[in-house]
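Here is a short report for a first look at this protein. Keep the sequence and the 3D view at hand while reading.

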Amino acid sequence: MRAELLSDALGQLDDSLLEEARIRRERTAPPRPAWGRWGALAACLAVAVLAGSQLLPQKQPPSVSAPGDLPLLTLGEGDTAAMGYEGYMAYDIDELVNANPWTPEARLDTLPVYRNAVTYDDNYRAQNADFDRMEAQLVSVAVQLELDPSLPVTDNTPSPEHQQAIRDKFAAVGDTVPEGYFDPDSLIMESDSIKLTVDETLTVTIAFQPPVELPEEYDFTHHATLEAKEEAAGYLSAEYAGLLSGMEQPALNLTGGDRDIYGEQSYQIEFYDAGGSLESQVVNYNFNRVAFYCDDDGKLFLARVYAPDLSQKLGDYPVISPAQAEQLLAAGNYTTSVPCQMPGLEYLGKVELVYRTGSHEKTYLPYYRFLVELPEEQRPGGMKDYGAYYVPAVEGQYIANMPKWDGGFNY
């Protein structure tokens, strides 16, 4: 869709259209309680992150620049949650690539810290999902894909038959279904060939039904070379330009290069907005992105638009230098999912500045991520194993409980 047509279409998404969709949804879906919303299949999963443009502009509260006005940050267990051991296999650290706009030579005095707008209970159930905003995000992506924005919107409440089957399974072990177990956590819009699903984090998953085959000159398979993936990315960015239309300067992020147990490399295609200041680029790279995924046949079967709610800004916090972070790393002030102590600064591979963006993070703050060679994990043939160690990039005076490695998994 041409930019001017897309702009016109987005302009037509006025409040009356969204209100009409909300009323339509309430007529076709069971009532949702205000609290305890969650999905049976997504209860304990973190959304996989990693940069595009927010589809819905979000107003930020005024920046807090005076150090005395900045809230003290407390890092809880939820803030450092991870989905298992974060390690990368490569023959050399330079094989691991991405398009992170931050470099060790960059100078950033402060970076924003945000409170996660979605809260979760002890069972990882979302407590305050904004279904109206979720629907607005769903409709926005539909328009960018040139779909009819008035398509029916439903939710993922299990059918009565499915609910009864689950109750029977709980009863078989002498238990009952927890309260709120069947409450929805996603909204769905579906056409003949595309299914859109938005969750409480405002991530929109685009499922192509059936998967889309790229022209034969493009290699979009799992283990396509870096050059081949770059060419495929060019095709996808043109074919699905609407998804990138909200970006001032769409930039390709080919991330990956790590190897599997067979020594084959893989790369992921993502885009983020590289316009504006370095701070804006860093935020967009980490939070606001569009990613494309291939299936085993090299066809486009999935895309995701990441655009979390960053409206709850705590302030702009002073950040330390990479050298200061190295000192903290050497002292054990890090969090990691690697099951061994950081072996020493002589094994450092590379460092980058990132945000931890998991859906259950209570606070989004910047970290230095160090990739460190693990000498005890070196594999036959010279392949090395690099583990990820995270040091908070915010000055220590603003952190109530600086992490300290305790000899185990402290993620």
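## A facing pair

Start with two tyrosines. Tyr 114 stands opposite Tyr 364, which lies in strand 14. The model shown here is a predicted one.

The strands behind this pair are strand 2, residues 110-115, and strand 14. They pair in the antiparallel sense, over two bridges. Together with strand 11 they form an open sheet of three strands, in the order 11-2-14, with antiparallel pairing. Strand 11 (313-318) and strand 14 (363-364) stand at the edges. Each has a single partner strand, so one side of each is left without a neighbour in the sheet. Helix 6, residues 278-287, packs on this sheet. The helix touches strand 2, strand 11 and strand 14, and its direction makes about 40° with that of strand 2.

## The whole protein

Now step back. The protein has seven helices and 16 strands. It has 411 residues, and 51% of them count as buried. The exposed surface is about 19,300 Å², with 50% of it supplied by carbon and sulfur atoms.

## Two nonpolar cores

In soluble globular proteins, nonpolar side chains tend to be buried together. In this model, the largest nonpolar core has 39 residues. Leu 196, Ile 206 and Phe 292 have the most contacts inside it. Several elements give two or more residues to this core, among them helix 3 (131-144), helix 5 (226-239), strand 6 (204-212) and strand 9 (289-294). Helix 3 gives the most, with six residues.

What does Phe 292 touch, leaving aside its neighbours within four places in sequence? Its contacts include Phe 220, Leu 236, Tyr 240, Ile 269, Phe 271 and Leu 302. Apart from this core lies another, of 28 residues. Tyr 114, from the opening pair, is among its members, as are Val 319, Cys 340 and Leu 374.

## An enclosed strand

Is strand 16 buried or exposed? Eight of its nine residues (the strand covers 384-392) are buried, so strand 16 is largely enclosed by the rest of the structure.

Which strands pair with strand 16 in the antiparallel sense? Strand 1, residues 87-90, does so over four bridges. There, Met 89 has Asp 385 of strand 16 as its bridge partner. Strand 12, residues 335-336, runs antiparallel to strand 16 and is joined to it by two bridges. Thr 335 stands opposite Tyr 390 in strand 16. Strand 15, residues 366-373, is also antiparallel to strand 16, with seven bridges between them. Tyr 368 has Val 391 in strand 16 as its bridge partner.

Key
Residues are numbered from 1 along each chain as its sequence is written. This is a predicted model: local features need pLDDT of at least 70, side-chain atom pairs count only at pLDDT 80 or more; totals for chains, interfaces and linings use all residues. Side-chain values use heavy atoms; hydrogens and water are left out. Two strands pair if DSSP finds at least two bridges between them. Contact means heavy atoms within 4.5 Å. Axes are lines fitted to C-alpha atoms, for helices over the stretch in contact, and angles run from 0 to 180 degrees between N-to-C directions. Buried means under 20% relative accessible area, exposed over 50%, partly exposed in between (1.4 Å probe, protein chains only). Accessible areas come from the Shrake-Rupley method with a 1.4 Å probe; for residues, only the protein chains shown count as cover. A nonpolar core is a set of buried Ala, Val, Leu, Ile, Met, Phe, Trp, Tyr and Cys residues joined through side-chain atoms within 4.5 Å.
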